[in-house]
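Me: I'm getting to grips with this structure and would like a close look at a single part. Could you walk me through it and then follow the trail from there?

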Amino acid sequence: MKVLSMIQPWASLFVLREATYETRSWRTNYRGPLAIHTSKKIDKDVSNHKAIKSLLGKHGYTPENLPTGQIIAVCKLVDCLKVTENNETWAILEDGRIVSGNDYFMGDFRVGGYAWVVEDMQMLDEFIPAKGRLGLWEHVLIL
């Protein structure tokens, strides 16, 4: 299965659907099953931000108990949309959809970047330890 590594708290916020999009500077043509991996790194400054702590807290997470170095969820990657306009508090994607509110503030919507669109996010009952890699990488998952 294809796997995407993400830094915490972004990985958990994405899996918990507090963030609708995963933003990247690069496009992928891949569509299909995708596992979400949490890198060993935690962005402590972001994790301790009042709003982020509040969003994590709704789901029982704190900056101290975020999972790291594990595959925590699976979903389906259905699209990868280019950011065509950024207005400092909202952005427009190439298909015309407008990104605003928490979705905008929890992503990097620089013009020329990409918003990855997923469906069917499912957190795993048991997380799978794994060493992450850059880009999309392969891991054999037995679910």
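Which side chain does the side chain of glutamine 8 join in a polar contact?

Reply: That would be serine 12: a polar contact of 2.9 Å joins the two side chains. Keep in mind that this is a predicted model.

Let's stay with glutamine 8 for a moment. You'll find glutamine 8 in strand 1, and its relative accessibility is 0%, so it counts as buried, the cut-off being under 20%. Who else is around? Setting aside neighbours within four places in sequence, glutamine 8 is in contact with Thr38, Lys41, Ile42, Asp43, Ser47, Leu66, Pro67 and Thr68.

Strand 1 covers residues 2–8, and it helps to line the largest pocket. Helix 1 (10–15), strand 2 (21–24) and strand 3 (32–42) do too, each of these four elements supplying at least two residues of the lining. The volume of that pocket is about 440 Å³. Its lining is made up of 22 residues, with Met6, Ile7, Trp10, Glu22 and Arg24 lying nearest the centre. Sort the lining by class and you get ten nonpolar, six polar and six charged residues.

Now hop over to strand 3, where histidine 37 has its place. Histidine 37 has a relative accessibility of 1%, so this residue counts as buried. Its side chain makes a polar contact of 2.8 Å with the side chain of serine 5. Not counting residues up to four places away in sequence, histidine 37 touches quite a list, including Val3, Leu4, Met6 and Ala11, and also Gly69, Gln70, Ile71 and Trp137.

Strand 2 takes us to the aromatic rings. The count of aromatic pairs comes to four. One of them is tyrosine 21 with phenylalanine 109, an edge-to-face pair with 6.2 Å from centre to centre and 85° between the planes. This pair links distant parts of the chain, 88 residues apart: tyrosine 21 sits in strand 2, while phenylalanine 109 is in the loop between helix 4 (101–105) and strand 7 (114–129). Both residues are buried.

Phenylalanine 109 has another ring partner, tyrosine 104. Here the centres are 5.8 Å apart and the planes are at 15°, so the pair is stacked; planes under 30 degrees apart earn that label. Tyrosine 104 is buried, with a relative accessible area of 10%, and phenylalanine 109 comes out at 2%. Put the ring pairs together and Tyr21, Tyr104, Phe105 and Phe109 are linked into a cluster.

One last stop: asparagine 86, in strand 4 (residues 70–86). Its relative accessibility is 28%, so asparagine 86 counts as partly exposed, a class that runs between 20% and 50%. Its side chain reaches the backbone oxygen of phenylalanine 109 at 2.6 Å, and also the backbone nitrogen of glutamate 88 at 2.7 Å. Leaving out residues up to four places away in sequence, asparagine 86 touches Ala91, Tyr104, Phe109, Arg110 and Val111. Two names from the ring cluster, Tyr104 and Phe109, turn up in that list of contacts. For a sense of distance, try asparagine 86 and lysine 58: they are 28 residues apart in sequence, and 29 Å apart in space, C-alpha to C-alpha.

Terms used
Residues are numbered from 1 along each chain as its sequence is written. This is a predicted model: local features need pLDDT of at least 70, side-chain atom pairs count only at pLDDT 80 or more; totals for chains, interfaces and linings use all residues. Side-chain values use heavy atoms; hydrogens and water are left out. On a 1 Å grid over the protein atoms alone, a cavity is a set of points where a 1.4 Å probe fits but cannot get out, and a pocket is an open set with protein on both sides within 12 Å along at least five of seven lines; lining residues have an atom within 4 Å of a point. Grid points are joined across faces, edges and corners, and a volume is the space filled by probe spheres set on the points. Ala, Val, Leu, Ile, Met, Phe, Trp, Tyr, Cys and Pro count as nonpolar, Asp, Glu, Lys and Arg as charged, and the others, Gly among them, as polar. Buried means under 20% relative accessible area, exposed over 50%, partly exposed in between (1.4 Å probe, protein chains only). A polar contact is a pair of N or O atoms within 3.5 Å; within protein, one must be able to donate a hydrogen and the other to accept it, and residues adjacent in sequence count only if both atoms are side-chain atoms. Contact means heavy atoms within 4.5 Å. Rings of Phe, Tyr and Trp (its six-membered ring) pair if their centres lie within 6.5 Å; planes under 30 degrees apart count as stacked, over 60 as edge-to-face and the rest as tilted.
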